[in-house]
Amino acid sequence: MGIDAAFATLLVGLVSTCNGLARVVVGMIYDRTNVKVTMFVDGAVAAVACGCIIGAFATGTPALYIAGALCCGFAYGGEPVVASAFARQRYGSAKYPLNLSVINTSIIYGSLLSMAAQALAGGVDSPLAVFTILGVLSVVALVDVLPFSKKWDADLRATRAR
């Protein structure tokens, strides 16, 4: 095994570790705050991940790529926690398995969006363009937490009043 293959194997292991670590850390954040803060933190980590990877491709700095990959693993690991928290808090425990399954279909849209971004950017030969599109979308998602937060509060009050 060459040095590049060993490094890639190590990086994959570290990204997987960050994914697992995120499930614990993001769960603790939710336990101490609420679903809105948890969504914001996970979205911020995703935006940082894209920023680091864009910076790595633009400058040729491997350390930025490593930091971006680790943040990407962390953000991806936080998504199931956010989905679980959202499903339970918004819809209760009565039909939790069904509601969580429906919410988790959002992963399909993320995969399709990723493929569309890659196609628009010119394929695998232009990773900077692909990650720029994904970076812009992650910032839009992060900013979208603010209006969602206001709607969430009003909707939760109406649900609890029933």
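**Figure 1. The run of elements along the chain is α-α-α-α-α-α, starting from the N terminus.** This is a predicted model, and its secondary structure comes to 6 helices and 0 strands. Put the C-alpha atoms in a box along the principal axes and you get roughly 60 × 30 × 25 Å. The chain has 162 residues, and 30% of them count as buried. About 9700 Å² is exposed, with carbon and sulfur atoms supplying 70% of that area. Take the contacts between residues at least 6 apart in sequence: 65% of these join residues at least 24 apart.

**Figure 2. Here is helix 6, with a kink centred on Pro147.** The bend comes to about 30°. How far apart are the end C-alpha atoms of helix 6? They sit 49 Å from each other, and that agrees with the 51 Å that 35 residues should span at 1.5 Å a residue. Val130, Gly135, Ser138, Leu142, Val145, Ser149, Trp152 and Leu156 are the buried residues of this helix. An α-helix has 3.6 residues a turn, so residues three or four places apart point the same way. As for what covers the buried residues of helix 6, the list includes helix 2, helix 3 (62-91) and helix 5 (106-121).

**Figure 3. Zooming in on Ser138, a residue of helix 6.** Is Ser138 buried or exposed? Its relative accessible area is 12%, under the 20% cut-off, so Ser138 counts as buried. Which residues does Ser138 contact, once its neighbours within four places in sequence are left aside? The answer is Ala46, Ala47 and Cys50.

**Figure 4. Phe57, Tyr65 and Phe131 come together as one aromatic cluster.** The structure holds 4 aromatic pairs. One of them is Phe57 with Tyr65, an edge-to-face pair with 6.1 Å centre to centre and 70° between the planes. Phe57 also pairs with Phe131: the ring centres are 5.9 Å apart and the planes lie at 25°, so this pair is stacked. The stacked pair links distant parts of the chain, with Phe57 in helix 2 (residues 35-59) and Phe131 in helix 6 (residues 127-161), 74 residues apart. Are these rings buried, exposed or partly exposed? Phe57 is partly exposed at 36% relative accessibility, Tyr65 is partly exposed with a relative accessible area of 36%, and Phe131 counts as partly exposed at 23%.

**Figure 5. A look into the largest nonpolar core, which has 9 residues.** Its members are Val35, Ala83, Ala85, Phe86, Ala87, Leu100, Ile103, Trp152 and Leu156. Which elements give two or more residues to this core? They are helix 3, helix 4 (96-103) and helix 6. Helix 3 brings the largest share, 4 residues. Trp152 and Leu156 also appear among the buried residues of helix 6. Apart from this core lies another one, of 8 residues, including Cys18, Val26, Phe74 and Ala75.

**Figure 6. Closing in on Ala83, one of the residues of the largest nonpolar core.** What does Ala83 touch, not counting residues up to four places away in sequence? Its partners are Leu100, Ile103 and Asn104. Leu100 and Ile103 belong to the largest nonpolar core as well.

Key:
Residues numbered from 1 in each chain as written. Predicted model: local features only at pLDDT ≥ 70, side-chain atom pairs only at ≥ 80, totals over all residues. Heavy atoms only, no water. Phe/Tyr/Trp six-rings, centres within 6.5 Å; stacked < 30°, edge-to-face > 60°. Buried < 20%, exposed > 50% of the residue type's maximum accessible area, 1.4 Å probe, protein only. Expected span 1.5 Å × (residues − 1). Bend = angle between axes of the 7 residues up to and from the residue. Contact = heavy atoms within 4.5 Å. Core = buried A, V, L, I, M, F, W, Y, C linked by side-chain atoms within 4.5 Å. Areas by Shrake-Rupley, 256 points an atom, 1.4 Å probe, with all protein chains shown as cover.
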